[in-house]
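Let's take a friendly walk through this structure, stopping at the metal sites, a helix pair and a few backbone details. Have the sequence and the 3D view open as you read.

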Amino acid sequence: MRALVFDSFGGPLEVREVAAPEPPQGGVVVRVAASGICRSDWHAWQGHDPDVVLPHVPGHELAGTVAAVGAGVQRWAVGDRVTVPFVNACGVCAQCAEGQHQVCARQTQPGFTHWGSLAEYVSLEAADVNLVAVPEELDLATAAALGCRYATAFRAVVQVGRVRAGDWVAVHGCGGVGLSAVQIAAAAGARVIGVDVAAGALALARDLGAEHTLDGSGDVPAAIAQLTGGGAHLSLDSLGAAVTCTNSVRSLRPRGRHVQVGLLPPAQGRPEVPMDRVIALELQVLGSHGMAAHAYPAMLGLIAAGRLDPRPLITRRISLDDAAAALADVGSQPGIAVVTSF
Ligand SMILES: NC(=O)c1ccc[n+]([C@@H]2O[C@H](COP(=O)([O-])OP(=O)(O)OC[C@H]3O[C@@H](n4cnc5c(N)ncnc54)[C@H](O)[C@@H]3O)[C@@H](O)[C@H]2O)c1
Ligand SMILES: [Zn+2]
Ligand SMILES: [Zn+2]
């Protein structure tokens, strides 16, 4: 099969023929119809993820059709249209037993713990626990975004961030995760402020429901305090950088909630979180990691009802041959790029 491969961290990304995977016990092989280019793929390529073994095929934000079914799989058959949360849970560990599959102790992740979906085929573990059927009315390019960034934003805003109608929500970094968060928070009745350094990203944030947008290179906490009369109720770092993490915490009003979604690999330096402020204002500092497959029906229901619409987030459909450039340059153009031809 054709796949995007790298042999060294930060080194050349090239499309080449590699062996196609076999379905693992309890798992499936999916023929990839669409794979989004997420900043986490860039982190994998840069060597920020200790799970990645070289040579490696990145890609984890996918949708496609089941091509082969491993022994013991009950719920899925060849031809089923599916997506999958990038955290593939084991289904049996203590975290999974409590329904917290997104922090499974024995999780696998395509594109990190094994070869990923920037390829014609990808193997996925524990299919009965993790696969999500893609509704008829959703095209597979849009469904790919549900495998990582749209679902991650849904959990961050709704489940971890506990957004309420009327809340001020600040979103620091309006890329794939951030724009999804803007739309989801606005649909929940929140008043959203999008922050980015790119004019195109801010324009798309306004289209997706942001009431205000701010240039991230200014004094962001001060501007948010002024717009909101005292700070945001909920604020997300949806880039993963010292500046956006610190700005997000500093953007909050008393008892506000910060949700960290952007990855902060130690190699990039630790952000300075003002813990004095966390105490004095009783702030909540929360992490959010993907979303369990069993939590998808609530999100899919809102999509089916027309309350959420991930389609406008997909701004570019590209081929596998263009994936290397898109991965190296992730975040440089507004919206989500999805590989749809392999
Ligand atoms: N926690 C999770 O489960 C999870 C899931 C998916 C992605 N992630 C992580 O979330 C982060 C975002 O991923 P993405 O694919 O949406 O990224 P992206 O590259 O699409 O978007 C990043 C955005 O941040 C903007 N930006 C750059 N500097 C900025 C600054 N100083 N202030 C404000 N905005 C700035 C960029 O212009 C861009 O629009 C990454 O770290 C990714 O690895 C985490
Ligand atoms: Zn991702
Ligand atoms: Zn588990």
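## A loop residue to start with

Glutamate 282 sits in the loop that runs between α10 (275-280) and β13. This is a predicted model, and in it the phi of glutamate 282 is near 50°, a positive value in a residue that is not glycine. For context, most residues other than glycine have a negative phi.

Strand β13 (residues 284-287) contains glycine 287. Is glycine 287 buried or exposed? Glycine 287 has a relative accessible area of 54%, so it counts as exposed. Setting aside neighbours within four places in sequence, glycine 287 is in contact with Val160 and Gln260. Arginine 31, on the other hand, lies 32 Å from glycine 287, C-alpha to C-alpha, and the two are 256 residues apart in sequence.

## The four-cysteine zinc site

Which residues hold the zinc ion (ligand 3)? The coordinating atoms are the SG atoms of Cys90, Cys93, Cys96 and Cys104, at 2.3 to 2.4 Å. Along the chain, these donors of ligand 3 follow the spacing C-x2-C-x2-C-x7-C. Cysteine 90 and cysteine 104 link distant parts of the chain, 14 residues apart: cysteine 90 is in the loop between β5 (81-83) and α2 (94-97), while cysteine 104 is in the loop between α2 and β6 (121-124).

The arrangement around the zinc ion (ligand 3) is tetrahedral because its four donor atoms subtend angles of 102 to 118°. As a reference, the ideal angle for four tetrahedral donors is 109.5 degrees. Cysteine 104 has a relative accessibility of 3%, so it counts as buried.

## The zinc site with a histidine

The zinc ion (ligand 2) has as its protein donors Cys38 (SG), His60 (NE2) and Cys148 (SG), which lie 2.0 to 2.3 Å from the ion. Their spacing along the chain is C-x21-H-x87-C. Here cysteine 38 and histidine 60 link distant parts of the chain, 22 residues apart: cysteine 38 is in the loop between β3 (28-36) and α1 (39-46), and histidine 60 is in the loop between α1 and β4 (61-69).

Both of these residues are covered. Cysteine 38 is buried, with a relative accessible area of 3%, and histidine 60 is buried too, with a relative accessible area of 0%. The loop between α1 and β4 also holds proline 55. The peptide bond from leucine 54 to proline 55 is cis, with omega near -10°. In general, most peptide bonds are trans.

## Helices α5 and α6

How do these two helices meet? The axes of α5 (residues 149-160) and α6 (residues 176-187) come within 8 Å and cross at roughly 50°, which means that α5 is oblique to α6. The crossing is right-handed. On the α5 side, the residues that meet α6 include Arg149, Phe154 and Val157; on the α6 side, Val177, Ser180 and Ile184 are among those taking part.

Ten of the twelve residues of α5 are buried, so the helix is mostly covered. Among those buried residues are Tyr150, Ala153 and Val160. Just after α5 comes arginine 162, with a positive phi of about 50°. Arginine 162 is in the loop between α5 and β8 (168-172), and its relative accessible area of 40% makes it partly exposed.

Conventions
Residues are numbered from 1 along each chain as its sequence is written. Chains are lettered from A and ligands numbered from 1 in the order in which they are written. This is a predicted model: local features need pLDDT of at least 70, side-chain atom pairs count only at pLDDT 80 or more; totals for chains, interfaces and linings use all residues. Side-chain values use heavy atoms; hydrogens and water are left out. Donors are N, O and S atoms within 2.8 Å of the metal (3.2 Å for Na, K and Ca); water is not among the atoms, so sites may look incomplete. Four donors count as tetrahedral if all angles lie between 85 and 135 degrees; four count as square planar and six as octahedral if opposite donors are over 155 degrees apart and all others between 65 and 115; anything else is irregular. Helices (H or I, at least four residues) and strands (E, at least two) are DSSP runs, numbered from the N terminus. Buried means under 20% relative accessible area, exposed over 50%, partly exposed in between (1.4 Å probe, protein chains only). Axes are lines fitted to C-alpha atoms, for helices over the stretch in contact, and angles run from 0 to 180 degrees between N-to-C directions. Angles under 35 degrees count as roughly parallel, over 145 as roughly antiparallel, 65 to 115 as roughly perpendicular and the rest as oblique. A crossing is left-handed if the near helix is turned anticlockwise from the far one by less than a right angle, and right-handed if clockwise. Contact means heavy atoms within 4.5 Å.
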